Each structure stands twice: as structure tokens, then as C-alpha cells.
Amino acid sequence: MSARRPSVLLVEDDDPTRTELARNLRLNGYDVMEAAMVETALQHWEQRRPDLIVLDLGLPDGDGMSVLFAARKEATTPVVILSARGEERAKVVALNRGADDYLTKPVGTAELNARLRAVLRRAAGPAADAQGIVRNGSVELDPMAHVVRVAGRVVDLTPREYQILALLLSHPGHLVTRGRILRAVWGEAYQGDDHLVHVHVSKLRQKLGEADASGDTRGLIVTEPGVGYRVREARPES
Amino acid sequence: MPGPLAGWRAWGPVGASAITAVMLLFATALVELLEGPVGVPTASATYLLAVIGSAALFGTPAGIGASVAAFLLYDFLFVEPRYTFTVADPGEWLNLILLLVVGIAVGQLAAALRSRAETAIAREREARALFGVSRALATRVSTMRVLDAVADVLLREAHLDRVWIGMARGGAAERVVADTGSGVAPRTPPASYYTLRRMPGETPAEWVRVHTPTVTRAASPASVPYRVILEANAQTLGSIWAMTREGGGPPAAAETRLLAAAADQLGQAFEQDRLAEEARNAEVALRSDELKSALLESVSHDLRTPLATIRAAAGTIMDRHLDPSREDVVASAEAIDREADHLNRVVTNLLDLSRIEGGALRPEIEPTELSDVVQPVLERLRAHLAKRVVDVELPDTLPLVLVDPVYLDQIIANLVENACKYVPEGQEIRIRAIPLTELVRLTVEDSGPGVPDESLSHLFEKFYRVSGSRRSRPGTGIGLTVVRGLTEAMGGRVTARPSELGGLAVDVDMQRAADEDETAHEADAAIGGAR
């Protein structure tokens, strides 16, 4: 079993603070990538598509908000602002512009972790239950544990496969275009590479099918020819 | 012309008559001379000269008097039959009537001229006096300081006996702030005085007698003072008080106008002073607000950043659900220790800043070896420096410096910490010292992005931040101010310049200890050669 750990991009310019936060987040089960500047943060975002971004605003080479904008342009990845600016105005601006939460430094690690769990849970969309777990038939996706189970058995998915499934499951019954999947999982640069999506979805279907003896997952992901995919309306496992 | 005219006026009616008589006698003699031996038939016109002269000098009545007298004299002495007032020839009547008409006309003209001249003189004096008041006010630093000058001008130009100015603040009794008289300042307000009642429009102001009910009347006031109230913005600020010359009666119209104008100008000047002070106060309040918010922002960042690290590290250690390795625990504990030390420096800087600003620094100067201070600082900042390379060049021949080692420690720590903020890990910070003739120069420089030339001179100002560069980060702006304050308190000097390494170089010049001259000179020569 290879339950992947949720990945966090930690953007913070103060070295000691970043080091200690990263240590704490790793111990709390996250896969942490660190960035001290806007530039490196954007690189990480482009290359690795973290599940979550923790973002400081005052960075040496620019405003942390530019990282938020870059992420929002392509995906709904949760962004939690962690800033020394505590005024109401700064919070309102950041939240209005797409941040999911705003914490003021210095923050306790217990609160920080609780907030991160909360935004991850919410990120699973309205399909998720109180623990953030999304269920659709025999398929179960746990964003906190970063694990997918079919009929109780863990399915070994690659990060991309996991992200595609999470995206589709969070919009049950709705069409999700290939372009949208590409943007959210690979990034703007991959626009047009529809076959990437095709290949990964096939692989995903295959893995889910293999894990499920009952054949319940066969009709889970429906292809809308030439457009994208749709996950059937969620129905609890009987 | 106005001069003699004004002078003649002072002769009075008796003098005028006497002079007219002399002139008539002189004219008579001339007529006698011309008519008799020379035989000029119309010499009577000579009397015109006396009539014109008298009328011009003493006015119409004198002119009429002179012409009647001339008529009678001429009639009596020269008109046939002589030595009687009978006029036989009707032609002589014409002569006499002409004399009379000329006398009256010239008298009138001269009187009008004189009155105009006198008005002009009075106006000029009034204008000069007002100009004196205006000039005193225009060149003032504060209105209060020119009140003496204004009182002097009024005393001189309004022909007064004594002028004093009383000021009342906020309804209090007036306090005499300027007085041309000597001795005890007059009691204000007196039992009884005249006050100037201003009239709307062109109507002249008038003096009104006032009795102060609360003041017991002096037994017999020698004279009653005149008061002009100073007003600004419909508020009474004080008064100009004047005592007229003995027996002079109330000030004349011109003098009254002068007093009123002076009072108006003073009132306006006080109003301007008040507005200027309000503007100054507002400016001061604004500046101090700006400084306060800059300090708060700076302090909140400088304190919160280490606190953020401390809380994160403490969270790792204390969370029972986590299972940190031994290395993790040690590293987090070290971070707490290091950041607590950093916090301590921030607090020390803040305290030093307030001591610097309050002038309360008391350095304990002693001969100190630079390396004794530099090394411990670097040791303490080792964790802070992380993987940055610190290149220390302190020659063995370096003389001792006269410093307070505690201050110098703080100076070096601030400079190194400042450099750290802008130097990425793996890059260089250089600390070196060279002896100069009477000084030792310690330089801390970095390979960071540097500071634009125009910002170098402002670098040590409180809360100054270099704009538009990567050095622009919140929270800086106290460290270098403290460096300068501490250095200057020890009699040293600190300057900033671009570094050869690409970043910023800060030179701290310190007094060198007196001995070891020889070594220093050798070193100086070596440095000179190197350049």
C-alpha cells in the first residue's frame, strides 16, 4: 500500500520559521516543499502541483499574493495565508481574492494543523462527509490520508491519478472537461495534451476495476466523447 | 513750502499782526521811494506784495486785515488830499478795491494750500507710523516680541505720553506685556477710561467713557487712559492703552485712526500666529503619528517573526501525537534558543533606540581588541548565519580601539544580522579592519543586492527602507539607526557605501588607543602603498 501523503507548498521567507514549520508539518504527515521567494514558489507550483499551499505575504522578491493568483488561475487548490500582517483589511483582501483561510503569525502548530485539515476537507467539495471523505458507491477517497479505497481495499494510485479522481469525485454528475483536468493536474503549459488525460483516466479505471470484484466501479467514470468525463451521481454503497 | 508755512503758523495772531505791519511799513517805504524821487505813478501796487505775503503766510483774515490796512495807509499817505482818508479821484477807489479783492483771494488760496499741505503732512506721518507698525509685524518671529517696538512707534507718531499693551488669555485679567513708560506698569483696567467705539462704514470711531464697576476708583486720577481693544476672530485678545500728553485732550482724528489701525494689524498678526501654531502642531502630531505607526509596524514584525519560529518549534516538541526524532527535538529546541536570543537583541535595540533618542547613552570606553568582540558575536550568530560564509580579516598589527565593548558587540551583531537578511546562504559576508592615522576602520560588507546610491545617506535614519529593491522588507529600519547612535556615542562615525562584493559596505570608524603608534604608522604606510 502506498498511501501518498498530502503535499504542502510552504512559502515563507524567514529561514528559521520556515524550517520549524516544515519540520512540524512533516511530522504531521505532510509532504513539504519549501520556498523562500515568489520565484521558487511558482516553480514548485508549476512542477509539482501541491495539494495545499501555506503562504506568507511579505516576500523579498514580491507579494505572496502573486502565488495565490497563479494558483487560482489554474486550480482550486486550497491556499492558507500565514502572515505577520494582522489587520482586518489585509485579511479581507486576501480572502476576497481567493485565499481559503488566513492565519496571523505567530500561530500555534495545533491550530495551524487543524486549519489545514479543515481546508483539505472542504477542498473535497460538497460530496465529502464530515471527515472530508468522499464516497461514491464502493469507492472511497480520503483527502486527509491521501488514500483511495475500493470496497475497503486501498488502491495504489500515482499522484496524477489520485488528483484526477479527486477532481472528478468532487463534481458528481457534472461534466469535467479534459482542459480543466489538464490545468488542475498538470498546469497551463500542458494545454492541448489531451492524450495525457486519456492515458491517465484509462489507467485509473483499470486500477479501480482490478480492485473491485463486484464490478461496481465499471460505470463510475463515464466518457463524454471529445469533451471530457463525468462521474455518476454519488450513491452510497448498499 | 510746507515747512515754512507750518513754522509761521506757530507765531499766533499777535505775531502775524506784527509781521504784517512790518511788511506794510516796508511796502509804504517802497511806495514813497518809487513815487516820490523816482516818480512811478502806480507804485501803490507794491502794497499787493505785503497783502499777498500776509495772506499766504497767515490766511484769509490776515489777508483781509492787511488789505484794509494797506488801503487806509495808501489813502492816508499817498492819495490826494494827503493825510486825510478822503478819496478825491474815483480811479483810486479802483486801486483800493483791487487791493481788498486780491487780499481775500490770495488769503483763501493760501489757506487751502496750507490746509492741504497740513493734511498731506498728517497723512504722511500716519502712513509712516503705520508702516513702522507693519514693518515691526512683518519682520516678526512672534507678535509678542515686537509689541515693544509697536508701542514705541505709537508713542512717537501719535504724540502720546505713554503707551502700553495688555494681553489677556482666555478671559483672564490683562497682563502688561509692553510699556513705553518706566516704573510700575499701570493697573489694568483702570477705574475709568475711554474706549474706542468702532463705527460701521466710513463713520469715524469715537471715544466713549467707561467706568469699571469692580475697581475702586482712584482718589483723583491724574488723567484718564484711552483704550483700543485688540480683537481677532471676534475674540478680545487684549488692549492698546494710551495716555495723552498733559492737557492734550483726546487723541485727534489722525492719531485715533493710527491707534485703530495698529490695533487691527496686531489683531491680525495674533490671528496669523495662532493659525501658524495650529498648523505646526498639526504637522508635529502627524509626524509623531507616522513615527509611532512606523515603530509599531517595525516592532510587530521584528517581534512576531522570531515568535512564529518559537511557536512552531515548541509545537513540534510538545505535541503528544507527534513522534519527532531526537534530532528533530534538538533542532527545534535550538531554534527556540536562537530565536529567543534574537528577540533579546530586538528588545535591546529598541531600548538602545530610546536611550539614543533620549540622549541617555553612557558608554564605558576602554581600550579593546577588536577580535575579542568580533569572534564572540560571530559565535553567537553562528546558527543565524547558517551556511553563509563569513570572511574575517583582522590583522595582528591592529591597534586597540577606544570603545565600549558592549556597544561594539551590539553594533557588529546588528551589521552582521542586517547583512544576513540580504545574503543568500552560501554567499559571503566580509568583516575587516584597517588602522588609519587616528582611527581604526571596521567594515562589514556583503555580496547582497546592494543599496542604490541615493539611499546610502538615508540608511541610518529611523525606519528608513530602501524602496523598490529586494532590500525592501518590512521590519528593518531600527538596527542601523542603533548602529549609528551607539557609534556616535563613542565618538565614532559610521558611513555606508557600495561594496566591492556587490552589496552594501558599512564603515565604522573608532578612535584608536594612544599607544602602539609605531605599528599603526607602519600599517598606514602599507595601506597607502596598497592603494
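In the predicted model, helix α7 of chain A, spanning residues 178–185, lies across strands β12 and β14 of chain A. The helix runs at about 65° to β12(A). The two strands beneath this description belong to an open sheet of chain A, in which 3 strands follow the order β12-β14-β13 with antiparallel pairing. Strands β12 (175–177) and β13 (221–224) of chain A stand at the edges of the sheet, each with a single partner strand, so one side of each is left without a neighbour in the sheet. On average, and with direction ignored, neighbouring strands of this sheet are turned by 30° against each other.

Within the sheet, β12(A) runs antiparallel to strand β14 of chain A (residues 228–231), and 3 bridges join the two. One residue pair can be named for this pairing: A:L175 has A:R230 in β14(A) as its bridge partner. In general, the strands of a sheet pair through backbone hydrogen bonds, in either a parallel or an antiparallel manner.

Elsewhere in chain A, A:E12 lies in the loop between β1 (7–11) and α1 (15–27). Is A:E12 buried or exposed? A residue counts as buried if 20 or more other C-beta atoms lie within 10 Å of its own; A:E12 has 29 other C-beta atoms within 10 Å and is therefore buried. When residues up to four places away in sequence are not counted, A:E12 touches A:T17, A:R18, A:L21, A:A36 and A:D56. A:S83 is 71 residues from A:E12 along the chain, and the C-alpha atoms of these two residues are separated by 9.0 Å.

In chain B, strand β11 (residues 439–446) pairs with strand β10 (residues 428–435) and with strand β13 (residues 504–511). Strands β10(B) and β11(B) form a hairpin, with 3 residues between them. Their pairing is antiparallel and extends over 7 bridges. In this pairing, B:A433 stands opposite B:L442 of β11(B). The pairing of β11(B) with β13(B) is likewise antiparallel, over 7 bridges. Here B:V440 stands opposite B:M510 in β13(B). Of the 8 residues of β11(B), 6 are buried, so this strand is largely enclosed by the rest of the structure.

Notes:
Residues numbered from 1 in each chain as written. Chains lettered and ligands numbered in written order. Predicted model: local features only at pLDDT ≥ 70, side-chain atom pairs only at ≥ 80, totals over all residues. Buried ≥ 20, exposed ≤ 12 C-beta atoms within 10 Å, placed from the backbone. Helix = DSSP H or I, 4+ residues; strand = E, 2+ residues; numbered from the N terminus. Pairing = 2+ DSSP bridges. Axes fitted to C-alpha atoms, helices over the stretch in contact; angles between N-to-C directions. Contact = placed C-beta atoms within 7 Å.
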